[in-house]
Amino acid sequence: MRGNPLRGGSLKGGAASPERAFLLALQAPDHSDAQQSETLEELADLAVSVGYTCAGQLVQQRGHMHPGTVFGSGKLVEIQEEIAAAEAGVAIFDGNLSPGQGQNLEKKLKVMVLDRTQLILSIFGRNARTREARLQVELAQLEYMLPRLVGLWAHLDRERGGIAGTKGMGEKQVNIDRTLIRNRIAKLKGDLRQLSRERTTQKSRRANCFRVSLVGYTNAGKSTLMNRLTDTRLAAENRLFATLDSTTRVLVEDNRPRILLSDTVGFIKRLPHELVASFRSTLEVARDADLLLMLVDLGHENWRGHIETTEQVLREIGADSVPRLVVFNQVDRVDDRVRLLMAKRQFPEALFISALTEDCAPVKERIVAFFELSMVTTPLLLEYRDYGELDKVYQWSRVDEVRYEEDGIHLTITSTPANLERIRAKVPVETQSTAAGTP
Ligand SMILES: Nc1nc2c(ncn2[C@@H]2O[C@H](COP(=O)(O)OP(=O)(O)OP(=O)(O)O)[C@@H](O)[C@H]2O)c(=O)[nH]1
Ligand SMILES: [Mg+2]
């Protein structure tokens, strides 16, 4: 996000505030200072998206996590003092904490402790609008919670362990909760499967169209570009994970086959695996696409890292073999000419746009040209008794020429090999086809 969220508000005297967050991280030896500050800035962005102000930060260089408390005991004293001085009410760790580590840290630091996964889950929770997104987020939250139940109830055993008859109450409660949560998870999975089946029906209806999917790091400008290209008004905001569901619109109305464009959830480094699993069907929109528009915010210093992450998530969801067109966005924010030149040299095929300030017609043209290349032109004779199929021909292909003769309607049509196959199944084809664009 814009600005530097790490520069927190000014400190005044008084009690710790629940909105003030203190960021904690471990710096691995193979992590440069620049990489470290980059990840910390991203953590700060995530925290701001949840509504926190960043009150301070502490990074310790350490090869491995302390298994019980993440940081060593001496460091923990220092952290606790800094948190108190910063009047922070919550500490956020840039990584995943085991249930035990989270609890131990809370005890030592005397504030609520969140890890990166919890933070992202909470953003997803706030931004989920559609029913499917809400179910997916709830599923991910419960999956995250399940192994942590023991910790939540351990205090019952500790506190009442001495009183006869109450020992083991916590354990019982854990078992009850676990069963409830497992049941709820099963129900959510069932509902999501149902929604996914509905999506499959939709998919088969769209089988005769070209599908383009916008992918990229969160906040790259995917929704802004989608709005620009399809003249719609999807929420585009300067916050992380503004979009959590996929929306599909017709990109070029009069193109045959039609070209559909889908906007979807943004990617991020180390996307919690609970979320990847439960958002699988939303992310599959990208896997099923014929072309991916990989949008990259060139105004962001770490644009290369964002490309790497996007590539990695695409691999995870099995979408890495889909052809892609790299589009650098937010070029209006790039003051650094060297960056622009480097991106142009490294990605000579890429487009450079500013979705916020330009009409982005070249993107549309490039998409149409891409599909044109994969299309084939063929003559077609439609006998008058097959007249009823003419509608389908117009729907599934572009009709370049029509002549009404005695023996029937002579057409020259252009479409994908798959669509031509479908037309052939209904109408006999006259002669050999030629590739589109060849004389
Ligand atoms: N300056 C500038 N800002 C842009 C441009 N494109 C998008 N933005 C801004 O970047 C922010 C994020 O845009 P979105 O379109 O919501 O980004 P997104 O990729 O859909 O983000 P998620 O849905 O969170 O993954 C918004 O504040 C946009 O106004 C651009 O070309 N130039
Ligand atoms: Mg969006």
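These notes walk through selected strands, one helix and the cysteines of a predicted model.

1. **The open sheet.** Start with the six-stranded sheet. The sheet is open, its strand order is 6-7-5-8-9-10, and its pairing is mixed. Strand 6 (247-252) and strand 10 (351-352) form the edges. Each has a single partner strand, so one side of each has no neighbour in the sheet.

2. **The strand 10 edge.** Look next at how strand 10 is held. Strand 9 (residues 324-329) pairs with strand 10 in the parallel sense. Two bridges make up this pairing. Within strand 10, L351 is the residue opposite V327.

3. **Helix 13 over the sheet.** Helix 13 (residues 361-373) lies across strand 5 (210-216), strand 6, strand 7 (259-263), strand 8 (291-297), strand 9 and strand 10. Its direction makes an angle of about 150° with strand 8.

4. **The length of helix 13.** The helix has 13 residues. From first C-alpha to last, helix 13 reaches 19 Å. That is close to the 18 Å expected at 1.5 Å a residue.

5. **The two sides of helix 13.** Which residues of helix 13 are buried? They include V363, I367 and F371. These three cover an arc of only 65° around the axis, so they sit on the same side of helix 13. E365 and L373 are on the other side, and both are exposed.

6. **Strand 13 and its surroundings.** Is strand 13 (residues 408-415) largely enclosed or largely open? Seven of its eight residues are buried, so the rest of the structure largely encloses strand 13.

7. **Strand 11 beside strand 13.** Strand 11 (residues 376-382) runs antiparallel to strand 13. Seven bridges join the two. In one of the pairings, L382 has I409 of strand 13 as its bridge partner.

8. **Strand 12 beside strand 13.** Strand 12 (residues 398-405) also pairs with strand 13 in the antiparallel sense, over seven bridges. Here V399 has I413 of strand 13 as its bridge partner. The link between strand 12 and strand 13 is a hairpin of two residues. As general background, strands of a sheet pair through backbone hydrogen bonds.

9. **Cysteines.** How many disulfides does a search of the whole structure find? The search finds zero. C54 has 1% relative accessibility and counts as buried. C209 is buried as well, with a relative accessible area of 13%. Both values fall under the 20% cut-off for buried residues.

Methods:
Residues numbered from 1 in each chain as written. Chains lettered and ligands numbered in written order. Predicted model: local features only at pLDDT ≥ 70, side-chain atom pairs only at ≥ 80, totals over all residues. Heavy atoms only, no water. Pairing = 2+ DSSP bridges. Helix = DSSP H or I, 4+ residues; strand = E, 2+ residues; numbered from the N terminus. Contact = heavy atoms within 4.5 Å. Axes fitted to C-alpha atoms, helices over the stretch in contact; angles between N-to-C directions. Disulfide = S-S within 2.5 Å. Buried < 20%, exposed > 50% of the residue type's maximum accessible area, 1.4 Å probe, protein only. Expected span 1.5 Å × (residues − 1). Arc of directions from axis to C-beta.
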